Structures are given as structure tokens and as C-alpha cells.
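I wanted to know what can be read from the side chains of this structure before going any further, so I opened it and kept notes as I went.

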Amino acid sequence: MEQLVAEHPAHADSLSKRNFDRLARYINGYSGIRMPPSKSTMLEGRLRRRLRATGHSSLNQYCDYLFEEDGIKAEAVHLIDVATTNKTDFFREPAHFSYLSEVVLPLIAERGQRTIRAWSAACSTGAEPYTLAMVLEEFARSSNLSYSILATDLSTQVLSTAIRGVYPADMVAPVPADMAKRYVMRSVKTHDHTVRIHPTLRAKVGFARLNFMDEKYRVGDRMDLIFCRNVLIYFEKQTQVNVLSRLCECLAPGGYMFIGHSESISGYSLPLKQVANTIFEKI
Ligand SMILES: C[S@@+](CC[C@H](N)C(=O)[O-])C[C@H]1O[C@@H](n2cnc3c(N)ncnc32)[C@H](O)[C@@H]1O
């Protein structure tokens, strides 16, 4: 990275305003992600990594290739990878998972329901759906509930990491010790500092590419739980409402929606009632 910065100092190769606007318009139209001018340095830095792969010598030349030579079709997937922020963690915002195991799952079991369908929408590299799998598996061990998890994201790059289920060992530090023992496999090789999620959990999670900008989310039967966390913040208000409305169509009455702690739906007209901080029940 340092080397790349040195090879391409920002002042020597920055995007023209016209090219930044073209990119921002494309990215926003395709993914809903807002690209204000304050993001231009971030975008330039990330795009430089594409120059070598595509054989272009400057950002503006790369943009000409995208918009004047129809390179956009070949590069669309990479542009989305470049535009998305994929930060995630195991047991991120842990209050959600405590509420899930202490309140939501017992309530669902009390209703006499035998199976749970959960959806990690915008799953990034997989920490969220695998955390969900750990919590659901723990509950399933002591009840007769079975479960399945769908995990989707727009970025193909994060999905391929998620499907492998291999992570740097320090990333699973937030996993409680008893769960780590059961569900996280350490490498037997001394210098291999990676871990892998246990096949029992990997088998419970199905991954697919889904763009929130799609008119309809084809996810099969209605979900009991939807986690849509830390992605709404990248969208305009109207896009947030549209995405949440479509997600609500996929949520069963009495099902639960979890959004990120820094996100809010207050003032939005949605069939949801708040039951805890950033947790909602479908009405
Ligand atoms: C910051 S991560 C959040 C990951 C996880 N939900 C969490 O809270 O840890 C945001 C994710 O949203 C995805 N994303 C952005 N725009 C999207 C869209 N239009 N459709 C589906 N996923 C999108 C990104 O690829 C990224 O992986």
C-alpha cells in the first residue's frame, strides 16, 4: 500500500471533477451508495488498485475506458467492490445477540414455531451470519427449533471470503469462549494464524448476491429475523425507506428486524414497532 501511494502521489493523479461525477453517478445508480465529493480521496485511493489490473496508467485514462470504451460492463463488479465499505466483526453490537437469545428466540419457541428463517442482508465477509449461526445453534441444542440462514451482499469479493469461512485468528476474539470451542476450528499448523468456521455452521448458511436496489427481493418464504445493519447509513433517506419497505415485505408478521446502532428509522412509515434499541417487530 505504501508503495502504491508513493508511485501515485495524489497530486500527480487525481480524478477530474467530470470523472468523479461520472463515477459517483454510476455507483449511486447501481448500488444506492451516496458518493459526495468528500469521498473522492477514498475513491481515488481504492481505484488506483484497479489501474495495474486493467493496464491503465492514470485514473482519468481508466475512466475514459469505463465510460467511452464501454469498459463499465467488465469493471462493474470491481467498481462496486471499490465503492463498498465492508467493515464487520463477530458479535458486532452484541446487545442484538443477547436480545435475540434471551427474548426473541424463547418467544418464537413459545409460539410453538419449529423452524426459524433468518436473513443477514448485507453480510459482508460473513461475521454477521456466522455469529447468527452460533447463537441459533446454541438455542437449537436445547430446544426442538431448527433454523436456516440466508446471507446476501452486493459485493462478490466479500461473498467469496464469507463462503470460505476462513478468518485471521484475532478476528474471532469477540466470540465467547464456549462457542469458540465448539464452532471455530484452529489450524494444526504452528505458523498458520487463521481459523475456520465449523462445517456444521457453514452448512446452515446459504450465500447469494443480492442488490438492495432490485425491485423485489427474491428470497423465498418470509423471514422470521432480518439483520440489516450498518448499510442503510450509506443510502439517501428515500433509498433507506424503499429498501426497508421491501425488506418488510420479506418479514413474517411477528418477525424481527435489526438495524445498526447508528441507524434510525424514526419518522419512516413502515409496518414495524420498536421493541428495543434498534430492534423492531413486524406488525
Ligand atoms: C459495513 S458492511 C456491514 C456488514 C454487517 N451487516 C455488519 O453490520 O457488520 C456494509 C455491507 O453492505 C453491502 N452493500 C452496500 N450496498 C449494497 C447494496 N446496494 N445491496 C446489498 N449490499 C450492499 C456492502 O457490500 C458491505 O458488505
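The entries below go through a buried acid, the aromatic rings, one arginine and the salt bridges.

**Entry 1: starting point**

I note at the outset that this is a predicted model, and I read every value below as computed from that model.

**Entry 2: aspartate 81**

I began with aspartate 81, which I found in helix H5, the helix that covers residues 72-83. Is aspartate 81 buried or exposed? I found that it is buried, and yet that it has no salt bridge. I then looked for the nearest side chain of opposite charge, which turned out to be arginine 209 at 7.1 Å. A salt bridge requires a nitrogen and a carboxyl oxygen within 4 Å.

What does the side chain of aspartate 81 meet in a polar contact? I found the side chain of serine 155, with 2.5 Å between the two. When I set aside residues up to four places away in sequence, the residues that aspartate 81 touches were Ser155, Thr156 and Gln157.

**Entry 3: aromatic rings**

I searched the whole structure for aromatic pairs and found 11 of them. I looked first at phenylalanine 97 and phenylalanine 227, a stacked pair with 5.5 Å from centre to centre and 20 degrees between the planes. Which parts of the chain does this pair tie together? Phenylalanine 97 belongs to helix H6 (residues 94-110) and phenylalanine 227 to strand S7 (residues 223-228), so the pair links parts that lie 130 residues apart in sequence. I also checked the accessibility of each partner: phenylalanine 97 has a relative accessibility of 3% and counts as buried, and phenylalanine 227, at 0%, counts as buried too.

I went on to phenylalanine 212 and tyrosine 217, whose ring centres are 5.9 Å apart and whose planes meet at 55 degrees, so I entered this pair as tilted. Phenylalanine 212 is buried at a relative accessible area of 7%, and tyrosine 217 counts as buried at 6%.

Beyond these pairs, I noted that Phe90, Tyr130, Tyr167 and Phe207 form one aromatic cluster. I also recorded a charge placed over a ring: the charged end of lysine 204 sits over the ring of tyrosine 147, at 4.6 Å from the ring centre.

**Entry 4: arginine 196**

I next turned to arginine 196, which lies in strand S5 (residues 194-197). Its relative accessible area is 33%, and I therefore noted it as partly exposed. Which backbone oxygen does the side chain of arginine 196 reach? I found that of arginine 164, at 2.9 Å.

Leaving aside the neighbours within four places in sequence, I listed the contacts of arginine 196 as Arg164, Gly165, Val166, Tyr183, Val184, Met185 and Arg202. I also took one distance to another part of the chain: histidine 261 is 65 residues away from arginine 196 in sequence, and the C-alpha atoms of the two are separated by 28 Å.

**Entry 5: salt bridges**

How many salt bridges does the structure hold? I counted 14, and I followed several of them in turn.

In one, aspartate 21 and lysine 17 meet through their side chains, with 2.6 Å from N to O. Both residues lie in helix H2 (residues 17-31), 4 residues apart, which is about one turn of the helix. Aspartate 21 counts as partly exposed at 26% relative accessibility, whereas lysine 17 is exposed, with a relative accessible area of 62%.

In another, arginine 182 is bridged to aspartate 178, and the closest N and O atoms are 4.0 Å apart. These two are 4 residues apart in helix H9 (residues 177-183), so about one helical turn separates them. Arginine 182 counts as partly exposed at 30% relative accessibility, and aspartate 178 as partly exposed at 43%.

I then looked at glutamate 281 and lysine 273, a salt bridge in which the closest N and O atoms are 3.8 Å apart. Glutamate 281 is buried, with a relative accessible area of 17%, while lysine 273, at 40%, counts as partly exposed.

My last note concerns a network, in which salt bridges with shared partners join Arg18, Arg22, Asp64 and Glu68.

Notes
Residues are numbered from 1 along each chain as its sequence is written. This is a predicted model: local features need pLDDT of at least 70, side-chain atom pairs count only at pLDDT 80 or more; totals for chains, interfaces and linings use all residues. Side-chain values use heavy atoms; hydrogens and water are left out. Buried means under 20% relative accessible area, exposed over 50%, partly exposed in between (1.4 Å probe, protein chains only). Lys and Arg count as positive and Asp and Glu as negative; His and the chain ends are not counted. A polar contact is a pair of N or O atoms within 3.5 Å; within protein, one must be able to donate a hydrogen and the other to accept it, and residues adjacent in sequence count only if both atoms are side-chain atoms. Contact means heavy atoms within 4.5 Å. Rings of Phe, Tyr and Trp (its six-membered ring) pair if their centres lie within 6.5 Å; planes under 30 degrees apart count as stacked, over 60 as edge-to-face and the rest as tilted. A charge sits over a ring if NZ of Lys or CZ of Arg is within 6 Å of the ring centre and within 35 degrees of the ring normal.
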